[in-house]
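Welcome! Here is a short guided tour, meant to be read with the structure open beside it. Take a look around, then follow the headings below.

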Amino acid sequence: MFVDEVDIHVVAGDGGRGCISFRREKFVPRGGPNGGDGGGGGSVYVVASSRKNTLIDFRYHPEFEARRGRHGQGSNKTGQTSEDLEIDVPIGTLVFERTPDAAGDAGDAVFQLLADLTEEGQRVLVAKGGHGGRGNARFVSSTNRAPRRAEPGARGEERFLRLQLKLLADVGLVGFPNVGKSTLISRISAARPKIADYPFTTLTPNLGVVRLSDDRSFVVADVPGLIEGAHAGHGLGDRFLRHIERTKVLIHVVDVSGASGRDPVNDFKVIVDELRLFDPQVALKPQIVAANKIDALDDASRLERLERYIKEQGLPLIRISGVTGEGVDELLALAWRQIVMVRSAADSGGSSNTPGRSREELATRNA
Ligand SMILES: Nc1nc2c(ncn2[C@@H]2O[C@H](COP(=O)(O)OP(=O)(O)OP(=O)(O)O)[C@@H](O)[C@H]2O)c(=O)[nH]1
Ligand SMILES: [Mg+2]
């Protein structure tokens, strides 16, 4: 199962107590105070790791607690500071703090973004461990040589978090169900999603790495098919569209064979509308139309109408067949050129939230 949103609860360790103790030595009736400080409690970090692909583990294990610091001891022994707790999450995870609203109603929680973990090893402190309390040796003063006072350790922080995964890919495959998106990703990458002749075969996003040459590779995401009304929850809804939010280029796969019984121009418009309703920014991404199943084209006018319409929109269209491979190289070459354009535009001023290496590692392991 692919889980891309979970709520977890994290508690850092409390600090250890400071110690009250006095030296006891033969012939020294009243030794000085020697109570050590408590150790610090462990903090909790969330860390991006390419070893993780989904947030599913957290469904069954949403509670995290770092260990408390050890208490101080006599002979000025400071208690041991506890190790920090690291929670591994997939690269591309957003970490939000979840605060119940003013009325304390958990349903209307307020979310504040703490971090967007886009690179391997990137980490964020989510709950700070309490510091250790001071032992009585620290309270000696000119007026009090034998203090009987020590501090308790400070409480560790506690937080409610929401983790949300947004895959990092360069290209997103969008289109109606059954138009051949999974067939295409399995042809161009090592990804092996299920392919079948019925809609909604793909139920969760898949990533694949496309290698054009040693120094030219990119990551493609195949997301479940969309239908009219997806933004309102129809079909699988639009919940997987967040996984194409960070892509640079969309390949919009349209079935031009008669298989669907639908009109390709209308299909194209419906999907663009759904993208816009989901997020206008997504609909504005560079788009390449892949007129697919060209090997099974039974009515050339269907393709011609689509070509005319797409030309009017000022978008590129490539005729392909995911089954025979026709046109696929041309499609990938164009996708690469567009990725490079978006990357260089991002480098010169715009912000990019899709760093290189880590995505590919993640995708390779997904494949
Ligand atoms: N003739 C022909 N059939 C194709 C082509 N590409 C895909 N198909 C067939 O179309 C059907 C659907 O293919 P999928 O790749 O599963 O389609 P999808 O877009 O991933 O579908 P969902 O996961 O349901 O959204 C399968 O029976 C494929 O064999 C193609 O280029 N030519
Ligand atoms: Mg599929």
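## A residue to begin with

Is Asn-178 buried, partly exposed or exposed? With a relative accessibility of 28%, Asn-178 counts as partly exposed, because buried would call for a value under 20% and exposed for one over 50%. Please keep in mind throughout that this is a predicted model.

To find Asn-178, go to the loop between β9 (171-174) and α2. Its backbone has a feature worth a look: the phi angle of Asn-178 is near 70°, which is a positive value in a residue other than glycine. Asn-178 also has a partner, since its backbone oxygen lies 2.9 Å from a polar atom of the side chain of Lys-293. That lysine is placed in the loop between β13 (287-292) and α5. Lys-293 has a relative accessibility of 18% and therefore counts as buried.

## The surroundings of ligand 1

Now turn to the ligand. How many residues surround ligand 1? There are 23, and the closest are Lys-181, Thr-183, Phe-200, Thr-202 and Asp-295. Sorted by character, the shell around ligand 1 holds nine nonpolar, ten polar and four charged residues. Helix α2 (residues 181-188) gives the largest share of this shell, with three residues.

Several polar atoms of the protein can be picked out beside the ligand. In the side chain of Asp-295, an N or O atom is 2.7 Å from a nitrogen atom of ligand 1. From the backbone, an N or O atom of Gly-225 lies 3.4 Å from an oxygen atom of ligand 1. A polar backbone atom of Val-323 is likewise found 3.3 Å from an oxygen atom of ligand 1. How much of ligand 1 does the protein bury? On its own, ligand 1 exposes 650 Å², and the protein buries 88% of that.

## Aromatic pairs

Next come the aromatic rings. A pair of such rings is described by the distance of the centres and the angle of the planes. Searching the whole structure turns up four aromatic pairs. One of them is formed by Phe-218 and Trp-336, which are stacked, at 6.2 Å centre to centre and with 25° between the planes. This pair links distant parts of the chain: Phe-218 belongs to strand β11 (residues 216-222) and Trp-336 to helix α6 (residues 328-347), and the two are 118 residues apart. Both Phe-218 and Trp-336 are buried.

Another pair, Phe-268 with Tyr-309, is edge-to-face: the centres are 6.0 Å apart and the planes make an angle of 70°. Here, too, distant parts of the chain are linked, with Phe-268 in helix α3 (residues 264-278) and Tyr-309 in helix α5 (residues 300-312), 41 residues apart. Phe-268 is buried, and Tyr-309 is buried as well.

## Arginines over rings

Which residue lies over the face of Tyr-45? That is Arg-123, at 4.1 Å from the ring centre. A second example is Arg-262, which lies over the face of Phe-176 at 4.1 Å from the ring centre.

## A few loops to visit

Two stops share the loop between β3 and β4: Ser-75 is placed there, and so is Thr-78. Ser-75 has a relative accessible area of 54% and is therefore exposed. Its phi is near 55°, a positive value in a residue other than glycine. Thr-78 is exposed, with a relative accessible area of 54%. In sequence, Thr-78 and Gly-39 are 39 residues apart, while their C-alpha atoms are 6.3 Å apart in space.

Gly-92 sits in the loop between β4 (85-89) and β5 (93-99). Its relative accessible area is 0%, so Gly-92 is buried. Gly-92 and Ala-12 are separated by 80 residues in sequence and by 24 Å in space, C-alpha to C-alpha.

The last stop is Leu-203, in the loop between α2 and β10 (206-213). At 47% relative accessibility, Leu-203 is counted as partly exposed. Along the chain Leu-203 is 37 residues from Phe-240, and 9.2 Å separates their C-alpha atoms.

How values were computed: Residues are numbered from 1 along each chain as its sequence is written. Chains are lettered from A and ligands numbered from 1 in the order in which they are written. Side-chain values use heavy atoms; hydrogens and water are left out. Rings of Phe, Tyr and Trp (its six-membered ring) pair if their centres lie within 6.5 Å; planes under 30 degrees apart count as stacked, over 60 as edge-to-face and the rest as tilted. Helices (H or I, at least four residues) and strands (E, at least two) are DSSP runs, numbered from the N terminus. Buried means under 20% relative accessible area, exposed over 50%, partly exposed in between (1.4 Å probe, protein chains only). A charge sits over a ring if NZ of Lys or CZ of Arg is within 6 Å of the ring centre and within 35 degrees of the ring normal. A residue is near a molecule or strand if one of its heavy atoms lies within 4 Å of it. A polar contact is a pair of N or O atoms within 3.5 Å; within protein, one must be able to donate a hydrogen and the other to accept it, and residues adjacent in sequence count only if both atoms are side-chain atoms. Accessible areas come from the Shrake-Rupley method with a 1.4 Å probe; for residues, only the protein chains shown count as cover. Ala, Val, Leu, Ile, Met, Phe, Trp, Tyr, Cys and Pro count as nonpolar, Asp, Glu, Lys and Arg as charged, and the others, Gly among them, as polar.
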